[in-house]
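Please look at the sequence and the 3D model below before reading on. The report after it goes through the chain one topic at a time.

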Amino acid sequence: YGTLNNILVDKRQVYFQYASKKGSRIIEAWIKHLLFCASGKGGETYCIIGKYIKKIFYKIYPFISVLEAKDKLNILLQLYSSGMTKPLPFFPKTSFIYADNEKNKMSAACAEFAGASGINDGLGELDDPYISLCFDESVIEGDEFKSCAHTVFYDFWNAEMHSKRQA
C-alpha cells in the first residue's frame, strides 16, 4: 500500500521536493495528484520542486472528478503494462524536455537524450547501458516516443489550472 502525505484539512495536497526539476519528479507529483482525486477525498495539489529560487517549478493541479482521475490513471497503467512486455521508448528526462518546449521540441529532446544539452555532466539517457542496449538516437524521432511523451505529459501540461513556471 502507498500513502499520500502533506494533505491539508481543506482537501488540498502539497507536493514539494528540494531537488532539481526532473521529469520523473513531475510524473510522481502528477500521479499522486491523480491518486488523491481518485480517492474521493481530493482537491487541489500544489506542486513545488526546486533548489534555487530562480529555477523553482510551481504548479497547482486542479480538482478533477473521481471518474476522470481513474480514467487518467488507467491510461498511465496501460502504458506501464505495455512497458513490462517490451522496451517502451519513454525516457522521463527526454520526454519532459520534449513536452516542455513549445519551440524546437525535437532538437531539445535529441540534445537531452544524447547528452548534448550540458545537463547532468554531459550524460544523456542514451548513456544508460540498458537504454542503449534497446534503443539508438533515432528512437526520439519515432512516433512511439512522441506518443508515449504525449500520453504521460499531455494532461499534465494541458489541465486547466493556475500555473507558474519559472526557468
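The sections below cover the overall layout, a helix pair, the aromatic rings and two single residues.

## Basis of the report

This is a predicted model, in which local features need pLDDT of at least 70 and side-chain atom pairs count only at pLDDT 80 or more, while totals for chains, interfaces and linings use all residues. Residues are numbered from 1 along each chain as its sequence is written, and side-chain values use heavy atoms, with hydrogens and water left out.

## Overall layout

The protein chain has 6 helices and 4 strands. Helices (H or I, at least four residues) and strands (E, at least two) are DSSP runs, numbered from the N terminus. Along the sequence their order is β-α-β-β-α-α-α-α-α-β.

Of the 167 residues in the protein chain, 38% are buried. Buried means under 20% relative accessible area, exposed means over 50%, and partly exposed lies in between (1.4 Å probe, protein chains only). Contact means heavy atoms within 4.5 Å. Among contacts between residues at least 6 apart in sequence, 63% join residues at least 24 apart.

## Helix 1 and helix 2

Two packed helices are described by the angle between their axes and the distance between the axes. The axes of helix 1 and helix 2 (residues 66–83) come within 8 Å and cross at roughly 140°. Axes are lines fitted to C-alpha atoms, for helices over the stretch in contact, and angles run from 0 to 180 degrees between N-to-C directions. Helix 1 and helix 2 are therefore oblique to each other; angles under 35 degrees count as roughly parallel, over 145 as roughly antiparallel, 65 to 115 as roughly perpendicular and the rest as oblique.

On the helix 1 side, the residues that make the contact include Trp30, Ile31 and Leu34. On the helix 2 side, Val66, Ala69 and Leu73 are among them.

## Aromatic pairs

The whole structure holds 7 aromatic pairs. Rings of Phe, Tyr and Trp (its six-membered ring) pair if their centres lie within 6.5 Å; planes under 30 degrees apart count as stacked, over 60 as edge-to-face and the rest as tilted. The ring centres of tryptophan 30 and tyrosine 61 are 5.3 Å apart and the planes stand at 65°, so this pair is edge-to-face. Tryptophan 30 belongs to helix 1 (residues 23–38) and tyrosine 61 to strand 3 (residues 57–61), 31 residues apart. Both tryptophan 30 and tyrosine 61 are buried.

Another edge-to-face pair is formed by tyrosine 98 and phenylalanine 145, with 5.4 Å between the centres and 65° between the planes. Because tyrosine 98 lies in helix 3 (residues 92–100) and phenylalanine 145 in helix 6 (residues 143–158), the pair ties together parts that are 47 residues apart in sequence. Tyrosine 98 and phenylalanine 145 are both buried. They belong to one aromatic cluster with Phe91, Phe113 and Phe135.

## Helix 3 and two single residues

In helix 3, 7 of the 9 residues are buried, so this helix is largely enclosed by the rest of the structure. Tyr98 is one of these buried residues, as are Phe96 and Ile97.

Alanine 149 lies in helix 6 and counts as buried, at 1% relative accessibility. Leaving out residues up to four places away in sequence, alanine 149 touches Phe90, Ser95, Tyr98 and Tyr154. Aspartate 71 lies in helix 2 and is partly exposed, with a relative accessible area of 43%. The C-alpha atoms of aspartate 71 and alanine 38 are 9.2 Å apart, with their positions 33 residues apart along the chain.
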